[in-house]
Amino acid sequence: MRNTKERVTIYQVAKKAQVSLATVSRVINKKGNVTEGTRLRVEAAIKELGYKPSGLAQALATNKTTNIALIIPSANYVYIANLLNGITEVTKEKGFTLTVFTTSHSREEALQTLEKVIVTHVDGAIVFDDELSEEDVMNLNSYSVPTIVINKNIQGDRTGSVLLSYGSLLTKIIEEHYQRSDRRMTFLHVHDGGRLLSHCEKVFCEAHRNLGRPYQIVNVDDSYKRTYYDFAQRFREEKEGYYIAYRDSIAAAVENAATDQGLSVPENVEVLSLVGTKYANIVRPTLTSLEIDMAEVGRRAMYMLIDLIDGSLFEKSYRFDARLQLRASTRR
């Protein structure tokens with residue numbers, strides 16, 4: 001038979017301390033006027049009985065749920081998992097609860113998720129989802145939900161932004177590549193890759209047009225297995241190139257397909273990963289990548305949201321610039 005402990009209620013605390021429920025609530029939430037003697041008596045009853053205040057009860061008393069909504073397309077990618085780690089670190093530190101909503105790259109699902117967030121009555125929201133527009137975020141704001149948007153510049157009374165900057169660095173990489181080589185560059189396009197990938201692809205094309213250099217855009221599946229198979233076939237005919245992939249798993253597929261077809265990385269084939277993670281150091285050869293500390297992005301977004309909720313966020317935009325990590329998959 002299990003040894004279970006009966007839950008102590010606020011009614012029992014009030015009875016033990018010989019005070020009203022309202023007095024117990026004022027002591028727990030540190031609000032209202034309570035004499036020192038009464039406060040000590042209530043606290044002694046709480047300690048003796050082992051009472052744990054209900055989060056819901058505290059929410060009702062303070063008119064705050066202490067609940068934050070996070071809207072993301074998926075939690076399966078390493079960089080999003082890193083973002084989530086940073087956010088949860090701050091929510092625990094500051095006593096908030098985090099509710100995660102995923103939308104799976106679907107506009108319809110994103111709008112349905114937005115409705116769920118609104119009816120949940122959260123204190124604030126962090127949005128990292130390309131399917132939601134500025135109008136959608138403003139709609140969320142209209143329900144008095146302070147919001148921090150990641151990778152989209154939206155600012156207002158109840159809105160702030162954390163921006164991820166890859167464009168200028170990517171342009172510099174392309175320019176420097178053609179200063180030392182005539183090797184053609186190829187950008188790997190992933191369907192539903194999102195705003196970040198679309199922006200980088202646009203920068204890639206503009207940089208090549210400005211330099212008067214030929215380039216390729218190749219469609220690939222967001223799948224290691226399929227990309228590896230396609231490039232194993234490709235490298236039977238194509239013996240060199242510089243490939244820019246969305247993230248590490250796609251870059252690794254290209255790299256492995258090249259080496260398995262007898263090509264050398266980086267002597268014949270160079271590979272760059274746009275969204276570098278810990279896996280860039282695990283694959284062989286190691287992957288050159290653009291990197292932003294996504295855990296730090298998560299922490300910054302959460303701290304900004306807390307200040308926004310409290311009405312003390314004055315700088316409503318913060319930018320993270322990507323850094324180039326040179327490794328073995330590209331020439332120095």
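The largest cavity of this predicted model holds about 170 Å³ of space. A search of the whole structure finds 1 cavity of 30 Å³ or more. Its lining comprises 16 residues. Of these, Pro73, Tyr79, Asp130, Gly193 and Tyr246 lie nearest the cavity centre. Two elements, helix 5 (78–94) and helix 9, give two or more residues to this lining. By class, the lining of the largest cavity divides into 7 nonpolar, 4 polar and 5 charged residues. Rolling a probe the size of a water molecule over the atoms reveals where empty space remains.

Pockets were examined as well. The second largest pocket has a volume of about 210 Å³. One part of its lining is formed by Asn151, Lys152 and Asn153. Leu163, Leu164, Ser165, Tyr166 and Gly167 also line this pocket. Arg195, Leu196 and His199 are lining residues too. Strand 5 (159–165) supplies at least two residues of the lining, and so does helix 9 (195–211). The class composition of this pocket lining is 4 nonpolar, 5 polar and 2 charged residues. Helix 9 thus appears in the lining of the second largest pocket and in that of the largest cavity.

Helix packing was considered next. Two packed helices are described by the angle between their axes and the distance between the axes.

Helix 9 packs with helix 8 (residues 167–180) at an angle of about 40°. The two axes are 9 Å apart. Their crossing is right-handed. From helix 8, the contact involves Gly167, Leu170, Thr171, Ile174, Glu175 and Tyr178. From helix 9, the partners are His199, Cys200, Val203, Phe204, Ala207, His208 and Leu211. The residues of this contact comprise 8 nonpolar, 4 polar and 1 charged. Gly167 and His199 take part in this helix contact, and both also line the second largest pocket.

Helix 6 (residues 107–120) and helix 7 (residues 134–141) form another pair. Their axes come within 10 Å and cross at roughly 15°. An angle under 35 degrees counts as roughly parallel, so helix 6 is roughly parallel to helix 7. The crossing of helix 6 past helix 7 is right-handed. Helix 6 makes the contact through Arg107, Leu111, Leu114, Val117 and Ile118. Helix 7 contributes Asp136, Asn139 and Leu140. By class, the contact of helix 6 with helix 7 contains 5 nonpolar, 1 polar and 2 charged residues.

Helix 1 (residues 10–17) packs against helix 3 (residues 36–49) at an angle of about 125°. The axes of this pair are 9 Å apart. Helix 1 and helix 3 are therefore oblique to each other. Helix 1 passes helix 3 with right-handed geometry at the crossing. On the helix 1 side, the contact residues are Gln12, Val13, Lys16 and Ala17. On the helix 3 side, they are Arg41, Val42, Ala45, Ile46, Glu48 and Leu49. This contact has 6 nonpolar, 1 polar and 3 charged residues.

Backbone geometry was inspected in the loops. Glutamine 18 has a phi near 60°, a positive value in a residue other than glycine. Glutamine 18 sits in the loop between helix 1 and helix 2 (21–29).

Cis peptide bonds precede two prolines, proline 266 and proline 285. The bond from valine 265 to proline 266 is cis, with omega near 15°. Proline 266 occupies the loop between helix 11 (248–260) and strand 9 (269–275). The bond joining arginine 284 and proline 285 is also cis, and its omega is about -10°. Proline 285 belongs to the loop between strand 9 and strand 10 (288–291). Strand 9 therefore borders the loop of proline 266 and the loop of proline 285.

Terms used: Residues are numbered from 1 along each chain as its sequence is written. This is a predicted model: local features need pLDDT of at least 70, side-chain atom pairs count only at pLDDT 80 or more; totals for chains, interfaces and linings use all residues. Side-chain values use heavy atoms; hydrogens and water are left out. On a 1 Å grid over the protein atoms alone, a cavity is a set of points where a 1.4 Å probe fits but cannot get out, and a pocket is an open set with protein on both sides within 12 Å along at least five of seven lines; lining residues have an atom within 4 Å of a point. Grid points are joined across faces, edges and corners, and a volume is the space filled by probe spheres set on the points. Helices (H or I, at least four residues) and strands (E, at least two) are DSSP runs, numbered from the N terminus. Ala, Val, Leu, Ile, Met, Phe, Trp, Tyr, Cys and Pro count as nonpolar, Asp, Glu, Lys and Arg as charged, and the others, Gly among them, as polar. Axes are lines fitted to C-alpha atoms, for helices over the stretch in contact, and angles run from 0 to 180 degrees between N-to-C directions. Angles under 35 degrees count as roughly parallel, over 145 as roughly antiparallel, 65 to 115 as roughly perpendicular and the rest as oblique. A crossing is left-handed if the near helix is turned anticlockwise from the far one by less than a right angle, and right-handed if clockwise. Contact means heavy atoms within 4.5 Å.
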